[in-house]
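Trainee: Could you take me slowly through one part of this model, explaining each step as you go? I would like to look closely at a strand and at what lies around it.

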Amino acid sequence: MVMKMNKKEWVIITLGMMLIACGVYFFLVPSEVIFGSVSGLSFVISKITKIPISALTFLLNMALLVIGYIFVGKEFGTKTVYTSLLLPIFLWILEQLFPVQGSLTKNNVYDLALYILVIALGQALLFNVNASSGGLDVVAKIINKYTHMEIGKAVTIAGFVAASSSILVYDVGTLIVSLFGTYLNGLVVDYFIDGFNKKKRVCIVSDDYEEIKDYIITKMKRGVTLYPIIGGYNKENKIELQTVLTKYEYKQLLNHLKYSEYKTFVTVSTVNEVVGLWNNNKRK
């Protein structure tokens, strides 16, 4: 059975790979900093063998792709087939359109910082839809699956192997910078993923809870939980309505409450992660 991706996932995965390819081509390669990735490892091998980076990236990705398909699953493997094909294609296009002779920023530290930000965003986009850029991200996903370690930390561990290869073509200083950059990359990946996963728990006390409940269920297609409560001041029995929404949905609900005539008391808290049916199954 062939896995089907919706259009949104295709767009997210393609955008993520475009960001990663730009980070590799414009910041990693010119800076000659060996980063904890297959692209960084390919750069080391290319220095030694003179084989083009795009070809090496493709070959290494294909080998790790098979491993990911076996140990992570068909959905992840199928999506990673697509990403593994995209990266060398994007790199080849960039090589043809924008020949780069040296560092764009003229500073290795700036190159490293920009590379970390760009590639971490791309990685986070991919991991968020159960995909990866291939290469060592596959290793990170395997570590994440079997140890339940945060994906950013798994990226760091997998990346240390490739970063360590920098000692073959550069000095100890480059090795230290590479390991440090790999560590930062893992932190930034977790930061972006946390941002994607955060939701809003909205608690509403109102005599018009039935109308608000109907709006959330019918218009927003989200679930609602009702709790009986007792007011501490006047001892009145009330109903508290709770729902968990995305940031966009939260703003939509606030606008609805603002322009309605409901008298409400609203409290809001941040939920770092939601596990289960909420993520992919809105009420229909």
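Mentor: What follows is a walk along one strand and its partners, and then a look at a few other places in the model. Please keep in mind from the start that this is a predicted model, and that the values below are computed from it.

Let us begin with strand E1, which covers residues 199-206 and is mostly covered, since seven of its eight residues are buried. Strand E1 has a partner in E4, to which it is joined by eight bridges, and the two run antiparallel. It also pairs with strand E3, residues 237-245, again in the antiparallel sense, this time over six bridges. Cys203 lets you follow both pairings from one residue, for its bridge partner in E4 is Thr267, while in E3 the residue that stands opposite Cys203 is Gln242.

If you now step back from E4 into the loop that leads to it, you come to Lys263, which lies between helix H10 (247-258) and strand E4 (264-271). Lys263 has a relative accessibility of 73%, and because the cut-off for exposed is over 50%, Lys263 counts as exposed. Even so, when its neighbours within four places in sequence are left aside, Lys263 is in contact with Val205, Ser206, Asp207 and Asp208. The C-alpha atoms of Lys263 and Ile204 are separated by 10.0 Å, although these residues are 59 apart along the chain.

Another lysine to find is Lys200, whose charged end sits over the ring of Tyr250, at 5.9 Å from the centre of that ring.

For a contrast with the exposed Lys263, turn to Asn185, which has its place in helix H8, residues 172-197. Its relative accessible area is 2%, and because buried means under 20%, Asn185 is buried. Between Asn185 and Leu112 the distance is 9.8 Å from C-alpha to C-alpha, with 73 residues separating them in sequence.

Finally, look at the aromatic rings, of which the structure holds four pairs. One of these is formed by Tyr25 and Phe26, whose ring centres are 5.2 Å apart and whose planes make an angle of 80°, an arrangement that is edge-to-face. Ring pairs also link Tyr25 and Phe26 with Phe98 into a cluster. Tyr25, with a relative accessible area of 9%, is buried, and Phe26, at 18% relative accessibility, counts as buried too.

Terms used: Residues numbered from 1 in each chain as written. Predicted model: local features only at pLDDT ≥ 70, side-chain atom pairs only at ≥ 80, totals over all residues. Heavy atoms only, no water. Helix = DSSP H or I, 4+ residues; strand = E, 2+ residues; numbered from the N terminus. Buried < 20%, exposed > 50% of the residue type's maximum accessible area, 1.4 Å probe, protein only. Contact = heavy atoms within 4.5 Å. Pairing = 2+ DSSP bridges. Phe/Tyr/Trp six-rings, centres within 6.5 Å; stacked < 30°, edge-to-face > 60°. Lys NZ or Arg CZ within 6 Å of the ring centre and 35° of its normal.
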